[in-house]
Each structure stands twice: as C-alpha cells, then as structure tokens.
Amino acid sequence: MADSWLDRADRALLGNYYPARLTLVRGEGCRVVDDAGRSYLDLVGGIAVNSLGHCHPAIVRAIREQCGTLMHVSNLYRTPWSVRLAEALVARFPGSRAFFCNSGAEANEAAIKLARRHARLAHGAGRHVVVSAEGSFHGRTFAALTATGQPKYREGFEPLVPGFRYVPFGDPAALEAAVTDDVCAVLLEPIQGESGVRVPPPGYLAGAAALCARRGALLALDEVQTGLGRTGTFLACEAEGVIPDVVTLSKSLGGGIPLGAMLARGEAAQAFAPGTHASTFGGNPVACAAALAFLEVLEADGLLARVRETGEWFMGALRELAARQPKILAVRGRGLLIAVDLAVPAKAVALAAEQRGYLINAVQEQALRFAPPFIVARQDLEDFLAALAEILDEIPVSGS
Ligand SMILES: Cc1ncc(COP(=O)(O)O)c(C=O)c1O
C-alpha cells in the first residue's frame, strides 16, 4: 500500500506543526473535502482567512485573469493593481498610505520599523521601545515574536530584539505607567485573537490612543485577525471610534493568496524614505487583484451587516447552550470572531466535531475559537450547535 500523506509529510516536512489528522484536497463555499472524500463544514476558515469561503468565484476569476496578464515585476516598477488596492484601503482608512508585504508578521515588522524610524526622525535617538500586551500574538519573525506577549513562543530563541516592554492587556493604568519617554509605539490587537478572543474593556483603546498622542508615541493596531470585516466593522477599532496611527492587515486580505499590508497616517506615513524598507513580492499583482475582488464582494454583498447579524445570533445561541450546559464556562467575541471557554479539553471537542464533519479550532487548552466564512448559513450553524451539545454531553469534565 502506498505511504499515507501523513507518513510522507512526516519524512519531508519539518516538525514545527503538530501533525494534522486531515489531508484536505478541495474546498467550495463553507465546506472542505478530505482525501477520503469526506466533507466538513469549515468553522476555522483558514484561521480567519477564508472570509468569502473557499474558491469564491469572484476571487478565482480575478486570480485567473491576473495570471494571464501579469504575475510579478518587483517593486522596481509600478503596477496598476497595487495602486488600486492601496487606494481601496486608504478610502477605508482615510488619510493613510499603504505598504504591502506577504504576511501578518511582515506587516508588524514593517510597523515596528516604521515606529522606530518615525521616532528617530521626530525626536532623535533613544526613543525605540515598543510596548505590547501580555497574551498578544503578532507573528513569528524576530521583532514580531519579541512583541508577542507570550513567553512560550519566545523561549529558546533568545537573544530576542532589544527594546520591548509588556503590559497586562486591558489595564489602562499599567499602560500609562509603561509609556515613558523612551517609547516609540504601543502595539495592540483591538481584540486578542490567538489567546482566546479577549475583548478589552470599553474605552481601553481610546485611552491608549489619547495616551500615545500625549506622549508622542504611535498607536499601532494589529488588525491582522480582527480587521477586514471579521468583527463586523471594516476595522475593529471603528467600533470603538478609535483612529490609530498605524494599522496592520493580512489574513483574508488576499482572499487566500498571501498578502499583508501596513497602513500609516499623518506624520507616521512620512517615515519611510526610498530604500528604507522593501519586500520583493509586496504588492504582487495576483495577490492585489485577489484582494480587490475580496473588497468588492465584501461591499457589494453587504457582508459587514451579515457578519454582525450572524455573529450576534451565533453568540446568543452559544449562550443559550451555555445556560443548560455547564461545561461551557464563557462565550465571548465580536462579529464572527468568537470563543468559548470549556470545562473539558478543547482538543477532545475538536476531534469529536471533526468526526461529525465540523472543523473547529482548539485555540487554547480549554477554549474553542470560531472564525467561519462570513457567508456561513444559519442552518449549518444550527446543525453544528446540535452536534456540539451532544459532544459536550459525552466528554467528561477535565480532571474528573
Ligand atoms: C493578530 C495577529 N497578528 C499577526 C499574526 C501573524 O500573521 P502571519 O501568520 O501571517 O505571519 C497573526 C496570526 O495568527 C495574528 O493573529
């Protein structure tokens, strides 16, 4: 018998990912299909990437057309697609200008470099510290990793990048104390995704913005996970009425093609002179054409309102389930970025869900995260909730 994909992956790929149980070969809408032909409702959505579902016809069309027109030329030259995409993003974050890269980590690296250079130009040397939050996740490249406020990801990679400081998330007094006159930027997720969809108290982000303005530091918001409609507004910070200096985006931006962006406003937008930062593939025409198609569908199909409505309904339904199922300890989130805390191991729940045809993400040992496509049908979520209720009945409480 031929070796399985698992055996082949085990021999050929580095061991940095937990071995996946499934080998997925096809996707359409909210469903993916494995190599045995089994179909799954995808409530992970490529970790908040497949916001229009899998292989959305408008994105497929845009990519196909672009591949037959122009695929890559480098940033030695301009192309219409990166200019159009920059205009589309600037229209949604007025007064900003865009830099394109390939991932969330790269977008955050760009933001950190921009903040340091901005401080150097505005205030001279000695103002280089970046303040970030405990529990945050900003990516795996060195500066993004250093900014990530979770020691488990940093361990073994020391020495890290100097000049980072951490504060408890959601604590305005701690932030106030940390932003001293050596700080060039505060980097925050509006809602912490990877640590289990942690929503800060109302007013926290607005307080951070006012503090940064007072102290001459930039407020950089990592909207890699929360942005582009995921939480029901184009940027999550809009829900709080907060206008940061810098925003980073990636995940769903390229409609499934790797693409990251950093948007900077005001003085911060002037900090990169020619030659100070770059990316070979940044602004790649295929990725930009896919992103333009994504933004068009987001608007034309009124998906922000749909995210809000579906998200509120789904969170309400999860809370109803929690009211009769004590193994659900808490439900939180915004739009279609939702987590539940459990009294049972999340991995056991995810495995049981997979066996019933549902992909869900065990984001923490006892927490599930849902980031489904914006187009997910209510009936599919109802069916999932019925399955979840049965699964939770069957799995014993951790430690019992
Ligand atoms: C908030 C946030 N920032 C940055 C990243 C890193 O993005 P990437 O994996 O594309 O480098 C992630 C990835 O999950 C994220 O959730």
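**Cores, sheet and ring contacts in a predicted model**

R92 lies over the face of F234, 5.6 Å from the ring centre. The model is a predicted one. A second charge placed in this way is K347, which lies over the face of Y18 at 4.8 Å from the ring centre.

F234 also appears among the contacts of L89. With neighbours within four places in sequence left aside, L89 is in contact with F100, F234, L249, L253, A261, L263 and L295. L89 belongs to the largest nonpolar core, which has 59 residues. Within this core, L85, L89, L175 and L188 have the most contacts. Helix α10, residues 285-300, supplies the largest share of the core, with 12 residues. A separate core has 33 residues, including A346, I360, F384 and L388. In soluble globular proteins, nonpolar side chains tend to be buried together.

The strands come next. Seven of them form an open sheet with mixed pairing. Their order is β4-β10-β9-β8-β7-β5-β6. The edges are β4 (96-101) and β6 (164-167), and each of these strands pairs on one side only. From one strand to the next, the twist averages 20°. Inside the sheet, β7 (residues 183-188) and β8 (residues 218-222) run parallel and are joined by 4 bridges. V186 has L219 in β8 as its bridge partner. In a regular strand, side chains alternate between the two faces of the sheet.

Helix α4 (residues 80-92) lies across three strands of this sheet: β4, β9 (246-249) and β10 (260-265). The helix runs at about 130° to β4.

Strands β14 (residues 361-364) and β15 (residues 367-370) also pair. Their sense is antiparallel, and the pairing spans 3 bridges. A hairpin of 2 residues joins β14 to β15. Q364 has A367 in β15 as its bridge partner.

Aromatic pairs were then examined. The whole structure holds 6 of them. A pair of aromatic rings is described by the distance of the centres and the angle of the planes. For F137 and Y153, the centres are 5.4 Å apart and the planes stand at 75°, so this pair is edge-to-face. The angle passes the cut-off of over 60 degrees for that class. F137 lies in the loop between β5 (129-133) and α6 (142-147), whereas Y153 lies in helix α7 (residues 151-154), so the pair ties together parts 16 residues apart in sequence. F137 is partly exposed, because its relative accessibility is 23%. Y153 counts as buried, because its relative accessibility is 14%. The cut-off for buried is under 20%. Elsewhere, ring pairs link F314, Y358, F370 and F384 into a cluster. F384 is also among the residues of the 33-residue core.

L303 was taken as a further site. This residue lies in helix α11 (residues 303-324). L303 is buried, because its relative accessible area is 2%. Beyond neighbours within four places in sequence, L303 is in contact with L52, V297, L298, F374 and I375. G275 is 28 residues from L303 in sequence. In space, the two residues are 38 Å apart, C-alpha to C-alpha.

Notes. Residues numbered from 1 in each chain as written. Predicted model: local features only at pLDDT ≥ 70, side-chain atom pairs only at ≥ 80, totals over all residues. Heavy atoms only, no water. Core = buried A, V, L, I, M, F, W, Y, C linked by side-chain atoms within 4.5 Å. Buried < 20%, exposed > 50% of the residue type's maximum accessible area, 1.4 Å probe, protein only. Contact = heavy atoms within 4.5 Å. Pairing = 2+ DSSP bridges. Phe/Tyr/Trp six-rings, centres within 6.5 Å; stacked < 30°, edge-to-face > 60°. Lys NZ or Arg CZ within 6 Å of the ring centre and 35° of its normal. Axes fitted to C-alpha atoms, helices over the stretch in contact; angles between N-to-C directions.
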